[in-house]
Amino acid sequence: MRIPGKLLFLAGMLAALGVGWVGFPLAIYKSRPQPVDFSHKVHAEKAGSSCEDCHAFRADGTFSGIPTLDKCAGCHAAPMGATVVEKKFIEQYVTPNREPQWASYARQPENVYFSHITHVKAAQLKCEQCHGDQKSNDKPRLYQEDRISGYSRDIWGRPSSRVPLRTEGGMTMGDCVACHRERGLEHSCLDCHK
Amino acid sequence: MIAENRKNKTARYAMAIDVDRCTGCGACMVACAVENNIPPAHEGATERKGITWIRVFKVNSGPHAAFVPVLCQQCGEDPPCVHVCPQQAVEVDPATGIVGQMPERCLGCRYCMAACPYHARYFNWWDPEWPAGMEKALNPDVAPRMRGVVEKCNFCHGRWHAARQRAAAEGKKEIQPGDYVPACVEACPAGTIQFGDLNDPASAVAAASKAAGSFRLLEKLGTEPKIYYHSRRDWVRGIADAPQPPMGKENARG
């Protein structure tokens, strides 16, 4: 039996697309789960916390980022609810005083100077503008890291299907540039690079 | 982006260096290296291959001597290095007037080093290495450069970022004069170097740039540098236009 040329071409193209769109991302990114199934939703709704309660600015204007264990232990020295996740968190981290190894989705490379306070206080941006709506995030997604550069997938190499670039949760250089350009604040590389 | 669309007030940062005050102590060179994460010289480094963003040269005339700190002259609108770069790795920041070098874009061809009339650009012949423990002294506001790229003075641009962050923390929109000062200016014990915004008529550099005895290096080339030197001695001013200044050591690198 002779396979028609058209079919062969189509099959070859599908295979190539499959390698490019599915195979390559699987090969280039290694992923790992967060150490704890932390729920932003529970903290926002049941505990009534706002972003700044845990992700605070220091007195000199620098940003503290992901809170350390002592911040968590301030409330969770003993279980406050009845969930398995909390019980495990206290057993594995709080009681032995072991810092969870959180993976930071948004950490920028060392050649980027990003200042939270200039964006939040001076430019009046909401956290959601870049980080997306975390209030309704019940379970942290997998952290994906580029095997070559070690960068988080969030800050570099989002799928090219993400068009237009300005959407919630974008933290690639393209997202930064798009927002700066829209506001007439784009001057040169030195705006953000160091 | 055209200038009219920009909201920020633009500045033209500049330096005024009083050659008559410089004692040649080299404190500026040390402060610069520490501030900008320049690693200790590699064992293979020579006079030509070391990295010194600012460098104090001794010039002689008979029994007289003068010390001239030379750094990137931060040429005006149209620096030679920007012209020749095939990678667009060099650009003049319109917000600050600083000539910025982007190591990530640089491919290491060193055209810019050949084009720079001031020999103010340096090539990384080796990957940076710090002796154990010294990495704790690294400046987090400056990214270390990798082997194979060119670097140069950028008026301690990390300090500009830091100053803007401090201003935002204090609820100010713009940084005030004096909030942002490069490390060499701060380190100089003789008060040789003044730093400020040329667009601000009240600044000390704006006055110094117009003062009698003020000159710039190789002004006839039309590079419009933003480093103004000053001397009351005629022979010192004369070196500014000499094609081969009477220096103790030859200053060619390549």
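**Close-up views of a predicted two-chain model**

**View 1. B:Asp93 sits in a loop of chain B, between β4 (90-92) and β5 (99-101).** This is a predicted model, so keep that in mind for every view that follows. Is B:Asp93 buried or exposed? B:Asp93 has 21 other C-beta atoms within 10 Å, and 20 or more is enough to count, so the residue is buried. Look at who surrounds B:Asp93 once residues up to four places away in sequence are set aside: from chain A come A:His187, A:Ser188 and A:Leu190, and from chain B come B:Ile98 and B:Gly100. For a sense of scale, pick out B:Gln194 as well: B:Asp93 and B:Gln194 are 101 residues apart in sequence, and their C-alpha atoms are 21 Å apart in space.

**View 2. Here is the contact between chain A and chain B, with 19 residues from chain A and 26 residues from chain B.** Which element gives the largest share of chain B's side? That would be helix α4 (residues 157-169) of chain B, which puts in eight residues. By type, the chain B side is a mix: nine residues are nonpolar, nine are charged and eight are polar. As for scores, the model has an ipTM of 0.81 and a pTM of 0.86.

**View 3. Four strands of chain B make an open sheet, in the order β8-β1-β10-β9.** The pairing in this sheet is mixed. At the edges you'll find β8 (193-197) and β9 (214-215) of chain B, each pairing on one side only. Now follow the neighbours of β10(B). With β1(B), the strand β10(B) runs parallel, and four bridges join the two. With β9(B), strand β10 (residues 227-230) of chain B pairs in the antiparallel sense over two bridges.

**View 4. Zoom in on B:Tyr229, a residue of β10(B) with a partner in β9(B) and another residue opposite in β1(B).** B:Phe215 has B:Tyr229 as its bridge partner, and B:Ile17 stands opposite B:Tyr229 too. Which way do the residues of β10(B) point? B:Ile227 and B:Tyr229 go one way, while B:Tyr228 and B:His230 go the other. That fits a general pattern: in a regular strand, side chains alternate between the two faces of the sheet. In β10(B), the residues on both sides are buried.

**View 5. The largest nonpolar core brings together 52 residues.** Which of its members touch the most others? B:Met15 and B:Leu71 do. Strand β1 (residues 13-18) of chain B supplies the largest share of this core, five residues. Around B:Leu71, leaving out neighbours within four places in sequence, look for B:Trp53, B:Ile54, B:Ala120, B:Cys153 and B:Ile227. B:Ile227 is the residue of β10(B) that points the same way as B:Tyr229. More broadly, nonpolar side chains tend to be buried together in soluble globular proteins.

**View 6. B:Val150 belongs to strand β7 (residues 150-151) of chain B.** Why does B:Val150 count as buried? Because 24 C-beta neighbours lie inside 10 Å of B:Val150, and the cut-off is 20 or more. Beyond four places in sequence, the contacts of B:Val150 include B:Gln101, B:Cys106, B:Gly108, B:Arg110 and B:Cys112. Also on the list are B:Met113, B:Arg121, B:Tyr122 and B:Phe123. B:Pro182, on the other hand, is 32 residues along the chain from B:Val150, with 20 Å between the two C-alpha atoms.

**View 7. Stepping back, chain B has seven helices and ten strands.** Its C-alpha atoms fill a box of roughly 55 × 45 × 35 Å along the principal axes. A compact globule of 254 residues would have a radius of gyration near 18 Å, and chain B has 18 Å, so the two agree. Of the residues in chain B, 37% count as buried. Take the contacts between residues at least 6 apart in sequence: 64% of them join residues at least 24 apart.

**View 8. The last view turns to confidence, with a mean pLDDT of 89 for chain B and 86 for chain A.** In chain B, 92% of the residues score at least 70. Where does chain B drop below 50? Residues 1-7 of chain B do, and this stretch has eight contacts beyond near neighbours in sequence. Residues 250-254 of chain B also stay under 50, with eight contacts beyond four places in sequence. Where pLDDT is low, the predicted coordinates should not be read in detail. Among the elements of chain A, helix α5 (residues 84-94) has the highest mean pLDDT, 92, and helix α8 (residues 173-182) the lowest, 85.

Conventions
Residues numbered from 1 in each chain as written. Chains lettered and ligands numbered in written order. Predicted model: local features only at pLDDT ≥ 70, side-chain atom pairs only at ≥ 80, totals over all residues. Contact = placed C-beta atoms within 7 Å. Nonpolar A, V, L, I, M, F, W, Y, C, P; charged D, E, K, R; others polar. pLDDT = per-residue confidence, 0-100. Buried ≥ 20, exposed ≤ 12 C-beta atoms within 10 Å, placed from the backbone. Pairing = 2+ DSSP bridges. Rg over C-alpha atoms; globule rule 2.2 N^0.38 Å. Core = buried A, V, L, I, M, F, W, Y, C linked by C-beta atoms within 7 Å.
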